[in-house]
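Thanks for coming. I have one structure to go through today, so let me put it on the screen.

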Amino acid sequence: MTNLKNFYRTHRAALWVFLIVALCFSYFSSRYKIGIAYDSALPCINAKLVIIDKWQRDVPVGALATFRNFADNEFFPEGLLWTKIVAAKEGQQVRVELDEMIVDESTHYRLSLNYLLPNIEQTEEELVRTHTVESDHYFMVGETITSYDSRYWGSVPQENIIGRAYVIF
């Protein structure tokens with residue numbers, strides 16, 4: 001018992017530092033997740049590393065969100081984590097055209113379908129459309145011409161949202 005007391009007295013500061021670091025790590029790992037770009041050769045957003053706030057699952061329009069994509073697609077495995085911009089939420093109208101996407105006739109995303117169209121099974125007629133985002137869903141888009149996003153596979157259900165993402169670099 002005396003040895004334990006002596007150990008505590010001589011290492012008290014180090015033990016407190018260890019405890020504080022362990023508590024901070026526990027908090028950080030329960031709230032945040034680190035995301036790394038899956039395919040940096042064909043990026044969809046201009047980021048290689050993001051931090052994901054798992055406690056913030058109601059992501060506002062215009063912000064980045066990370067989600068599990070279970071949509072049927074021909075390029076990526078089901079359930080992969082994706083990070084995209086929330087372009088529209090429930091009730092908003094999205095019009096997809098060949099060279100841009102327009103949300104509620106006011107927000108324009110200059111993203112062409114021409115880059116991916118020759119490489120996918122869908123036709124231009126299937127992709128160019130107008131629809132309203134359904135309840136508890138998000139319409140996601142990327143930032144680059146290589147972005148494979150909701151224009152191709154539809155909106156993302158709220159339950160698939162992991163959290164709001166913030167670009168590290």
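I will go through confidence, then strand pairing, then aromatic rings, and end with one arginine.

First, the conventions. This is a predicted model, in which local features need pLDDT of at least 70 and side-chain atom pairs count only at pLDDT 80 or more, while totals for chains, interfaces and linings use all residues. Residues are numbered from 1 along each chain as its sequence is written, and side-chain values use heavy atoms, with hydrogens and water left out.

On confidence: pLDDT is the predictor's own confidence in each residue, on a scale from 0 to 100. The mean over the protein is 90, and 96% of its residues reach 70 or more. Among the elements, helix H1, residues 2–31, has the lowest mean at 88, and E5 has the highest at 98. Helices (H or I, at least four residues) and strands (E, at least two) are DSSP runs, numbered from the N terminus.

Now the strands. Two strands count as paired if DSSP finds at least two bridges between them. There is an open sheet of 4 strands in the order E7-E6-E5-E8, with antiparallel pairing. Strand E7 (107–109) and strand E8 (129–132) are at the edges with a single partner strand each, so one side of each has no neighbour in the sheet. From one strand to the next, the twist averages 15°; the axes behind such angles are lines fitted to C-alpha atoms, for helices over the stretch in contact, and angles run from 0 to 180 degrees between N-to-C directions. Within this sheet, E5, residues 93–96, is joined to E8 by 4 bridges, antiparallel, and Val94 has His131 in E8 as its bridge partner.

Next, E11, residues 161–167. E11 pairs with strand E2, residues 49–53, over 4 bridges in the antiparallel sense. Strand E3, residues 64–69, is also joined to E11 by 4 bridges and runs antiparallel to it. Which residues stand opposite Arg164 in E11? Asp53 does, and so does Ala65.

On to the aromatics. Rings of Phe, Tyr and Trp (its six-membered ring) pair if their centres lie within 6.5 Å; planes under 30 degrees apart are stacked, over 60 edge-to-face, and the rest tilted. The whole structure has 9 such pairs. Phe28 and Tyr32 have ring centres 5.1 Å apart and planes at 35°, so this pair is tilted. Phe28 is partly exposed at 35% relative accessibility, and Tyr32 is partly exposed at 22%. The classes are buried under 20% relative accessible area, exposed over 50%, and partly exposed in between, using a 1.4 Å probe and protein chains only.

Phe76 and Tyr148 are another tilted pair, at 6.4 Å centre to centre and 40° between the planes. These two are 72 residues apart, with Phe76 in the loop between E3 and strand E4 (80–89) and Tyr148 in the loop between strand E9 (137–141) and helix H3 (150–153). Phe76 is partly exposed at 24%, whereas Tyr148 is buried at 4%. Both belong to one aromatic cluster with Phe67, Trp82, Tyr152 and Trp153.

Last, Arg57, in the loop between E2 and E3. Arg57 is partly exposed, at 33% relative accessibility. Leaving aside neighbours within four places in sequence, Arg57 has contacts (heavy atoms within 4.5 Å) with residues including Tyr138, Gln158 and Ile161. The side chain of Arg57 reaches the backbone oxygen of Ile161 at 2.8 Å.

Note on methods:
A polar contact is a pair of N or O atoms within 3.5 Å; within protein, one must be able to donate a hydrogen and the other to accept it, and residues adjacent in sequence count only if both atoms are side-chain atoms.
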